[in-house]
Amino acid sequence: MSTKEHPAQPSNETVTAAPQKPKKKWGPTLTPKHQTERQQLPIYQARDAIVHAIKRNPTVIIVGETGSGKTTQIPQFLLEADLAQFGAIAVTQPRRVAATSLARRVAEEAGSRLGHRVGYTVRFDDMSCPATKIKYLTDGMLMREILADPLLHRYNYVILDEAHERTLRTDVLFGMLKQIQKERARMVQVNRAEWQKSHSDKPTGPDTTEKQLPDSDPAPTNGDNQATETNDTSVSTSDKRSKRKFVNELKIVVMSATLDAERFSEYFDHARILYVAGRQYPVRIFNAVEPQNDYLDAALVTSLQIHTEQGPGDILLFLSGQEEIESLEKLLLDQRSQLPPNSMDLLVCPIYAALPAAQQAKVFNPTPPNARKIILATNIAETSLTIPGIRYVVDTGVHKIRGYSSRIGIESLLVAPVSKSAARQRAGRAGREAMGYCYRLYTEDTFDELEEDTVPEILRCNLAAATLQLKASGIDDVLGFDYMDRPPKVAMLRALEQLYALGALDDQGKLSKLGRWMAEFPLDPSYAKVLHASQELGCTTEVIDVIALFSIDTLFFMPFDKREEAAEARRKFMHGDGDHLTYLNLQKAYMEVKGDSSWCHDHFVNGRGMRHVQDVRKQIRQVCQRMGVNPNASCGTDFDKVLQCFIRGFFNHTALLQPDGSYKSVVGSQIVHIHPSSSLFGQRREAIFYNELIFTSKLYIRGVSAIQANWIPEAAPRYFQQKSHMLPSQS
DNA sequence: GAGCACTGC
């Protein structure tokens, strides 16, 4: 194996401390303990330089590695520098847990009760109030806030954290925020001109008796944090004065961990880039000398070698999925008995999203003395979870990644090589607490050939939901939207087509009344359409339950050593017509036992998942009530109605039985396979529909129920008028 | 005969 030092933090533009300026009076007082802790963070030295840059520039890009403290400190710097008088600071996160735990920590540091000056807002959980000045929120939540407040008047600063992850939502937010920033700058300009005009033309006129600018400056000037009074153009009114609102410029801060800052800067009109030093320990990289044709075997050999030859510290091994984790777990347990005497014990801990919570928790148990933990993980451990005690990382160099072909409208979930930045992220997991080691099971040449970054999610997913959000937030020209990475035109057109077929867009491509209604719900457009149809068919209560259940991926656990038991437990809920009504049975049973967690455990039901389902269910019911829809309308036992609702949203997801027993999709004429997790697996029914079509080892359909073939054309007459050749002949 | 990870009035 050849060795190479992990690339160190570049220092070309590292910010330096600026001359100290006298501090203003209006900040929270720090407890001495926290003050010392904060001052020890690398970023504290750059405090004034950062504040100065943000004051002087509309947008700033901040690059800082893990441990720099940028996410917790920069919002506090702004607050302490008195820059948040006229608006709050929003800090977005891709994940809920990050938003809530950061808020907790910053509230403590800033001496605020959580939910007062420092708070958070995530789905189902709002710990903020109108006086909240620093608010951590998920990026999806900020998108929701834009729908209600298109210019985000409440905020003076929006900090987009973890921008390098390029989630679908951060990418959409980039374009939206750029536009909001431009519009607010324009309003400030207009207002400044009016203000100057009114003061030079008629110094004793009635306007001078109006409220003065809050900072009592003689006139607003360029630069920092001005607040001016203006007409809110989003409100039409006969009495302008009563509708006047303070508008100030929106400052955007983009925070990223990678070195791809130039692309962010270019996109944000050549924004200033600041680099802050991290506090990551060095990680020594070892590459395979020869290409490995069996990375599972290489992973096994390498981990055992680390275990028997290297000093203390746990091992984190990255694999592509559950199946690989299970098989390697078995192999390691077999090998454990053959370890040389006197060697440490080896504890094998699998972790992936579909693993029951109780077993997930095991990776966080402290490793007992004279033992070593080896954690077998998917990319859940790359960003979502930080596991303490890791000193060694073994990287297979692969992950499973979702893809989407807009040309054929099919999703995929396939094993693929990681990008260089993902490989670096994985290696970094070994250097959180001390110097670490990373063993890459591929050659240095292979590494050099990897893509620089993972393809942004927006380039590999169905855009229907994002397009509906854009339309609903007032951005009509979605083809001309300012994407940082523009999706192919065919992908955008396909999303528009799908929304049109659902009735969310009218013939001119404008958001219809139905589309507006659909956008109010935190649901994919197809599900929102199903919910809408439920009003007409009188089964809203059943449809809400089924939709809520489909909001989680793993309802039933299938542990590989208790497969038969789990299948037996599942049969109790099985409905002959498929998964949708099976799910309804599960929800009914769950309600009868009042969500008892030991009942869930005994029936191999995902208890944590079911609690999430109840939250979703409650939320959809609330939105229904707000929209004047009765969430209690029930079809009794006429369950055909429920399935008929579903095909109003999934009319393009139907398939017909062929003479040879296979199923052929009505749209696209492809042979599709019912997934083994479906209650209809192995069954022959005249016609079926499905929620999801995904290519893995085969073209699988998931969430499958049986229907009558003649329901299909009725479900979407507008769609099938032009495509009548696709329909079953009897209609 | 089998699914990477997130998210939302």
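## Close-up views of a predicted protein–DNA model

**View 1. Strand β6 and its partners.** In β6, Lys-135 is the bridge partner of Ala-90. This view, like the others here, comes from a predicted model. The bridge is part of the pairing between β3 (residues 88-93) and β6, which run in the parallel sense over 5 bridges. Strand β4 (residues 118-122) also pairs with β6 in the parallel sense, here over 4 bridges. On that side of the story, look for Tyr-120, which stands opposite Tyr-136 of β6. How many of the residues of β6 (134-138) are buried? The count is 5 of 5, and the strand is described as mostly covered. Both of its faces are covered: Ile-134, Tyr-136 and Thr-138 are buried on one side, Lys-135 and Leu-137 on the other.

**View 2. Thr-138, Ala-353 and Glu-692 beside DNA strand B.** Thr-138 is the link from the previous view, since this residue belongs to one covered face of β6 and has a polar side-chain atom 2.6 Å from a phosphate oxygen of DNA strand B. Ala-353 approaches with its backbone: one of its N or O atoms lies 2.3 Å from a phosphate oxygen of the strand. Glu-692 meets another part of the DNA, with a polar side-chain atom 3.4 Å from a base nitrogen of DNA strand B. Which elements give two or more residues to the surface near the strand? They are α5 (139-148), β17 (398-405), α21 (607-626) and β24 (699-707). The largest share, 3 residues, comes from α5.

**View 3. The whole surface around DNA strand B.** Stepping back a little, 36 residues surround DNA strand B, and the closest are Ala-353, Lys-400, Arg-402, Glu-520 and Arg-702. Of the atoms of the strand that come within 4 Å of the protein, sugar and phosphate account for 62%. What classes of residue make up this surface? There are 13 nonpolar, 11 polar and 12 charged residues.

**View 4. The salt bridge of Arg-402 and Glu-411.** Arg-402, already met among the residues closest to DNA strand B, also forms a salt bridge with Glu-411, and the closest N and O atoms are 2.9 Å apart. Arg-402 is partly exposed, with a relative accessible area of 36%. Glu-411 is partly exposed as well, at 22%.

**View 5. Asp-545 and Arg-617, joining two helices.** A salt bridge brings together the side chains of Asp-545 and Arg-617, at 2.6 Å from N to O. Asp-545 lies in helix α17 (residues 540-549) and Arg-617 in helix α21, so the pair ties together parts that are 72 residues apart in sequence. Are these two residues buried or exposed? Asp-545 is buried, with a relative accessible area of 10%, and Arg-617 counts as buried at 16%. Helix α21 may look familiar: it is one of the elements that give two or more residues to the surface near DNA strand B.

**View 6. More salt bridges, as a pair and as a network.** A search of the whole structure finds 29 salt bridges. One of the pairs is Asp-476 with Lys-471, whose side chains meet at 3.7 Å, N to O. Here Asp-476 counts as partly exposed at 31% relative accessibility, whereas Lys-471 is buried at 7%. Elsewhere, salt bridges link Arg-38, Arg-47, Glu-80, Arg-105 and Glu-109 in a network.

**View 7. Lys-420 in helix α11.** Lys-420 has its place in helix α11 (residues 420-428). With 11% relative accessibility, this lysine counts as buried, because the cut-off for that class is under 20%. Its side chain makes a polar contact of 3.5 Å with the side chain of Glu-452. What else is in contact with Lys-420, once neighbours within four places in sequence are left aside? The partners are Phe-447, Asp-448, Leu-450, Glu-451 and Glu-452.

**View 8. Two loop residues with positive phi.** Most residues other than glycine have a negative phi. Asp-269 has a positive value, near 50°, and is found in the loop between α7 (261-267) and β11 (272-276). Asn-342 has a positive phi too, near 75°, and is found in the loop between α9 (322-336) and β14 (345-351). Asp-269 is exposed, with a relative accessible area of 54%, and Asn-342 is exposed at 82%.

Conventions
Residues are numbered from 1 along each chain as its sequence is written. Chains are lettered from A and ligands numbered from 1 in the order in which they are written. This is a predicted model: local features need pLDDT of at least 70, side-chain atom pairs count only at pLDDT 80 or more; totals for chains, interfaces and linings use all residues. Side-chain values use heavy atoms; hydrogens and water are left out. Buried means under 20% relative accessible area, exposed over 50%, partly exposed in between (1.4 Å probe, protein chains only). Two strands pair if DSSP finds at least two bridges between them. A polar contact is a pair of N or O atoms within 3.5 Å; within protein, one must be able to donate a hydrogen and the other to accept it, and residues adjacent in sequence count only if both atoms are side-chain atoms. Contact means heavy atoms within 4.5 Å. A residue is near a molecule or strand if one of its heavy atoms lies within 4 Å of it. Ala, Val, Leu, Ile, Met, Phe, Trp, Tyr, Cys and Pro count as nonpolar, Asp, Glu, Lys and Arg as charged, and the others, Gly among them, as polar. A salt bridge is a side-chain nitrogen of Lys or Arg within 4 Å of a carboxyl oxygen of Asp or Glu.
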